[in-house]
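Biologist: I would like to read this model with you, one question at a time. Please keep the answers short.

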There are 4 protein chains.
Amino acid sequence: MKNTATLLITCPDRKGLVATIADFLHRHGANILHADQHQDAENNLFLMRIEWDLDAFSIPVAEFDAQFAPVAARFDMHWQLKLSGQRPRVAIMVSQYDHCLADLLHRHKSGELACDIPLIISNHRDTEALAAFYGIPFHHIAVSKDTKAEAEAAQFALFDAHQIDLIVLARYMQILSPDFVTRYPQRIINIHHSFLPAFIGARPYHRAFERGVKLIGATSHYVTEVLDEGPIIEQDIARISHRDEVEDLIQKGRDLERIVLSRAVRWHIENRILLYANKTVIFN
Amino acid sequence: MKNTATLLITCPDRKGLVATIADFLHRHGANILHADQHQDAENNLFLMRIEWDLDAFSIPVAEFDAQFAPVAARFDMHWQLKLSGQRPRVAIMVSQYDHCLADLLHRHKSGELACDIPLIISNHRDTEALAAFYGIPFHHIAVSKDTKAEAEAAQFALFDAHQIDLIVLARYMQILSPDFVTRYPQRIINIHHSFLPAFIGARPYHRAFERGVKLIGATSHYVTEVLDEGPIIEQDIARISHRDEVEDLIQKGRDLERIVLSRAVRWHIENRILLYANKTVIFN
Amino acid sequence: MKNTATLLITCPDRKGLVATIADFLHRHGANILHADQHQDAENNLFLMRIEWDLDAFSIPVAEFDAQFAPVAARFDMHWQLKLSGQRPRVAIMVSQYDHCLADLLHRHKSGELACDIPLIISNHRDTEALAAFYGIPFHHIAVSKDTKAEAEAAQFALFDAHQIDLIVLARYMQILSPDFVTRYPQRIINIHHSFLPAFIGARPYHRAFERGVKLIGATSHYVTEVLDEGPIIEQDIARISHRDEVEDLIQKGRDLERIVLSRAVRWHIENRILLYANKTVIFN
Amino acid sequence: MKNTATLLITCPDRKGLVATIADFLHRHGANILHADQHQDAENNLFLMRIEWDLDAFSIPVAEFDAQFAPVAARFDMHWQLKLSGQRPRVAIMVSQYDHCLADLLHRHKSGELACDIPLIISNHRDTEALAAFYGIPFHHIAVSKDTKAEAEAAQFALFDAHQIDLIVLARYMQILSPDFVTRYPQRIINIHHSFLPAFIGARPYHRAFERGVKLIGATSHYVTEVLDEGPIIEQDIARISHRDEVEDLIQKGRDLERIVLSRAVRWHIENRILLYANKTVIFN
């Protein structure tokens with residue numbers, strides 16, 4: 001595994017941006033491994049992801065901010081620097097359905113997900129043994145109408161204690177409070193078991209069955225204040241037929257959920273996602 | 001091309017249905033070519049499509065109704081008999097976008113669609129030359145708020161004069177009146193350029209772009225009173241990315257619309273579609 | 001779960017087949033739940049899968065053979081009767097890659113696979129803990145050029161002792177001897193990590209990468225004497241790009257392998273597969 | 001439509017490449033619209049596509065070569081400059097099947113393909129009327145074993161007379177001579193009706209049917225000396241079942257062929273394809 005840095009930039013589109021950034025990195029000996037950019041003409045926006053090898057890079061990580069600041073200021077950049085050496089710390093929240101959790105843990109174990117998973121939180125005990133098998137600390141926090149506030153307070157405490165960077169809702173069937181959502185902007189990924197914006201809300205498979213659609217879908221997205229309205233990260237579909245009962249939709253949907261959620265988590269962890277205008281740009 | 005008959009049956013599910021139907025056909029020398037059935041447990045419904053070779057069949061077509069009536073009555077069947085010798089007569093309605101029309105006409109010419117197309121109706125003249133190339137009579141009927149009733153009256157007259165069995169809306173951008181829709185139940189197929197029930201109504205590609213979906217879709221369906229709420233016949237999707245502008249969605253969508261509409265028309269023509277509870281059963 | 005019987009029939013296509021079979025079942029009070037058939041005109045072959053509720057069925061299972069024999073004889077049928085009460089017994093063989101095994105075990109635990117799994121056999125110890133977590137007895141049988149015969153003898157002994165109906169090769173990287181293959185005809189399912197017949201044999205992902213294909217695939221099939229030439233049960237593909245290294249193909253391929261193998265196992269277990277002419281008919 | 005220039009670059013990967021190119025363009029006032037690059041670590045290769053608006057660009061097109069030459073020389077670049085103002089000139093060759101031709105001509109007419117099509121060449125007369133409808137000159141050149149050399153000579157004469165940049169084989173059923181192929185390197189695109197490298201050569205649908213595959217495919221590729229071994233540009237697949245006869249495969253395949261060929265032609269015309277090591281890099 002190479003020791004790399006990834007720079008994510010969003011700013012107004014202006015001439016000379018690429019030249020300036022490329023020149024800055026080149027002057028400091030950066031060996032660029034990947035560079036991808038996107039221009040949104042409509043919003044006059046420039047978005048870039050650029051990754052380079054740190055070995056020959058002459059700027060110590062600690063001094064990067066200071067040295068890059070003038071460049072960033074000149075172009076009104078929003079920017080983040082991500083280091084491959086600093087693995088993101090991910091918390092997984094789950095209720096009773098364990099297929100997404102089992103999938104994420106297996107991918108993590110097999111090296112597909114370059115992150116640390118310091119904890120799993122559930123409002124049930126069903127997945128405790130699974131967590132134990134993969135050696136991830138499991139925290140049971142029951143949630144009821146009356147205890148929701150305390151439950152979330154306990155969750156926040158755990159996130160803080162473990163310096164969590166990303167919260168993955170792997171079929172966590174509780175609606176988060178506005179306080180929760182605003183506390184972790186663009187840091188909560190959810191899997192919704194429909195092809196959004198179709199079938200927002202509860203029981204999407206049942207409603208898809210009733211409507212008689214010929215394809216079912218799943219959608220991974222960042223969680224925002226409005227339910228199922230956050231920026232979409234990934235979607236996929238599966239074909240169904242009149243032979244499929246609701247149970248078959250649910251079973252076929254599990255495969256979609258697993259794959260669609262795991263892609264979103266992976267792209268977030270690999271710093272491939274940029275957000276603007278409630279949309280995602282995926283550099284992959 | 002074989003000379004065949006196809007029987008479409010819908011009735012309450014009861015024991016002995018298959019045995020009775022198969023026995024009836026067998027006793028009259030039918031050589032069954034295809035048989036497909038579906039049971040909807042929830043609605044206790046039985047649906048069947050059965051096709052046989054007419055050559056060795058001992059019942060003259062003219063007498064089939066009389067002879068099958070007692071069987072049908074015993075099981076409360078809704079049934080239709082379709083003969084391969086009687087090609088359905090299809091009218092295509094189109095506005096300015098000609099990609100679906102060009103696709104249907106090419107498929108018809110190449111033998112994919114076993115129907116007659118006695119006329120094309122458009123509220124514009126853009127597709128007149130295309131119709132002429134394929135040798136289909138073209139009727140221009142302008143439509144405005146004030147003339148809608150007369151326009152539809154003229155359309156009805158043409159449908160009657162040409163004994164039209166099926167009306168295909170190949171990107172016909174006028175909303176049909178309730179009178180029109182109720183006049184041709186389960187005989188109007190429309191293509192909607194979204195993955196229904198997402199983006200019902202106008203400008204679906206623009207709204208898909210604004211929402212930031214990762215897949216776009218198209219849906220063919222029977223037209224009913226409520227806009228875009230009719231029974232879905234077929235759907236398909238295409239993957240898009242942040243690099244795609246609205247124009248790219250529209251262009252990629254054209255390929256979806258062509259294929260999704262042509263499948264629906266083909267299945268209808270081949271008597272593969274049964275309807276119930278605002279859903280379709282596709283026997284293919 | 002209903003208590004059902006499934007009859008699988010293959011025979012020369014002749015008039016009266018459906019009528020005779022349906023009549024036989026009806027006379028004995030069978031409530032047919034699913035019936036599907038296929039006629040292969042080219043080979044004049046008739047294939048049928050018919051499933052009925054045993055509750056009201058008047059023939060005791062023990063007497064079915066005797067009573068159905070005359071019907072079968074009259075039409076030269078090859079036929080099998082499968083009972084939902086008799087869960088097939090499946091052995092899984094695996095080497096070091098555990099993604100297919102983990103997937104099958106999770107599906108089994110969640111009820112997707114209606115079978116018993118009395119044992120897992122591996123020529124490595126990597127998956128021993130995984131087997132233990134799911135409570136499946138794990139047998140390590142090392143295999144080398146010199147010990148292959150003894151190893152297979154030990155495997156046969158286990159299959160016999162546990163009355164194994166189906167052997168699933170979940171990325172088992174040893175080539176089975178002709179003796180092994182002939183011993184379990186149409187009872188060994190393998191997953192090959194390419195879109196057969198492309199890239200038969202070793203290192204398919206590497207060869208796909210070298211050839212510069214734009215899609216990779218996976219294929220599940222029954223194992224026959226000739227390597228990767230057995231009847232194909234299921235295939236699926238994933239899109240790749242020039243950005244994907246061999247490692248990315250391998251990672252994307254794992255998702256294909258999981259799904260393509262699990263579908264094949266499920267369809268086999270649910271008695272949905274009929275074979276002829278080195279092809280499969282999937283009734284689903 | 002903007003007036004743009006596109007630079008395609010292939011060279012050994014070295015530090016400072018992006019900085020140098022971006023600086024060169026910036027110094028001359030280029031407003032970069034799209035930039036995409038790829039590094040092949042294995043082959044230490046750098047590939048780039050960069051498109052900019054010519055309006056504010058200070059180098060006259062005629063002088064670009066002279067001014068860019070030193071930069072190119074310093075990095076051992078293979079490079080081409082493409083101007084949106086110079087539409088590529090495309091010749092289409094076809095035999096009797098007209099579905100790909102009809103599709104390409106309709107896309108061209110609707111503006112999807114930014115090229116000129118000065119001629120269609122066929123060894124049959126079946127598509128003459130179609131060519132006439134779209135206003136493209138049609139040349140009938142019969143081909144037989146004995147006349148092949150003269151036929152190709154006549155074809156070369158037409159290509160020269162019309163300054164053809166790209167030759168599209170839209171189901172042209174004659175094998176080109178080695179002389180033909182070497183004469184137009186990376187300038188001949190063919191559609192093969194299988195998922196290469198499966199079913200190379202003749203009658204792929206028949207062989208796919210015999211093999212019992214569950215998916216059929218189509219592949220567009222550049223033509224090289226070895227039949228069906230050229231660099232793959234695009235592939236796609238469609239699902240089939242045991243209900244599909246060879247005729248159904250052929251019909252379903254037509255939709256694949258249309259789409260897979262049209263994508264390849266479009267990407268070539270838009271200068272999105274770079275070749276190396278018998279592979280394509282698609283910048284889209």
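**Four chains and how they meet**

Biologist: Is R243(A) buried, partly exposed or exposed?

Modeller: R243(A) has a relative accessible area of 26%. Buried means under 20%, exposed means over 50%, and partly exposed lies in between (1.4 Å probe, protein chains only). So R243(A) is partly exposed.

Biologist: What pLDDT do local features need here?

Modeller: Residues are numbered from 1 along each chain as its sequence is written, chains are lettered from A and ligands numbered from 1 in the order in which they are written, and side-chain values use heavy atoms, with hydrogens and water left out. This is a predicted model: totals for chains, interfaces and linings use all residues, side-chain atom pairs count only at pLDDT 80 or more, and local features need pLDDT of at least 70.

Biologist: Back to R243(A). Which residue forms a salt bridge with R243(A)?

Modeller: A salt bridge here is a side-chain nitrogen of Lys or Arg within 4 Å of a carboxyl oxygen of Asp or Glu. In this pair the closest N and O atoms are 3.0 Å apart. The pair crosses between chains, from the loop between β11 (232-239) and α8 (246-269) of chain A to strand β2 (residues 31-40) of chain B. The partner is D36(B).

Biologist: Is D36(B) buried or exposed?

Modeller: D36(B) has a relative accessibility of 6%. That makes D36(B) count as buried.

Biologist: How many salt bridges cross between chain A and chain B?

Modeller: One links the side chains of R239(B) and E234(A), at 3.0 Å from N to O. Over all chains, the rule counts 88 salt bridges. Across the interface of chain A and chain B, the number is 8.

Biologist: How much area is buried between chain A and chain B?

Modeller: The size of an interface is often given as the accessible area lost when the parts come together. Here that loss is summed over both parts, with a 1.4 Å probe. Carbon and sulfur atoms give 51% of the area. The total is about 3100 Å².

Biologist: In chain A, which three residues lose the most area to chain B?

Modeller: The contact joins 36 residues of chain A to 35 residues of chain B (contact means heavy atoms within 4.5 Å). The three residues asked for make up 24% of what the chain A side buries. They are R211(A), K214(A) and H242(A).

Biologist: Now the other pair. What kind of axis relates chain D and chain C?

Modeller: Two copies of a chain are related by a rotation about an axis and a shift along it. Chain D lies on chain C with an RMSD of 0.0 Å after a turn of 180° and a shift of 0.0 Å along the axis (least squares on C-alpha atoms of residues with pLDDT of at least 70 in both). That is the relation of a two-fold axis.

Biologist: Which residue of chain D comes closest to that axis?

Modeller: The distance is taken at the C-alpha atom. The value is 2.3 Å. The residue is A198(D).

Biologist: What share of the interface residues of chain D are also interface residues in chain C?

Modeller: The contact takes 36 residues from chain D and 36 residues from chain C. The copies meet through the same surface, because the share that recurs is 100%.

Biologist: Let us look inside one helix. How far apart in sequence are R258(B) and D255(B)?

Modeller: Their side chains meet in a salt bridge, 2.6 Å from N to O. R258(B) is buried at 8% relative accessibility, and D255(B) is buried at 14%. Both lie in helix α8 (residues 246-269) of chain B, where helices (H or I, at least four residues) and strands (E, at least two) are DSSP runs, numbered from the N terminus. They are separated by about one helical turn, being apart by 3 residues.

Biologist: Which helix holds both D23(C) and R27(C)?

Modeller: The side chains of D23(C) and R27(C) meet in a salt bridge of 2.9 Å, N to O. D23(C) is partly exposed at 32% relative accessibility, while R27(C) is exposed at 54%. The two are 4 residues apart, about one turn of the helix. That helix is α1 (residues 17-27) of chain C.

Biologist: Last one. How far apart in space are D76(D) and I240(D)?

Modeller: D76(D) sits in the loop between α2 (61-74) and β4 (78-83) of chain D. In sequence, D76(D) and I240(D) are 164 residues apart. From C-alpha to C-alpha, the distance in space is 49 Å.

How values were computed
Buried area = accessible area lost by both parts, 1.4 Å probe.
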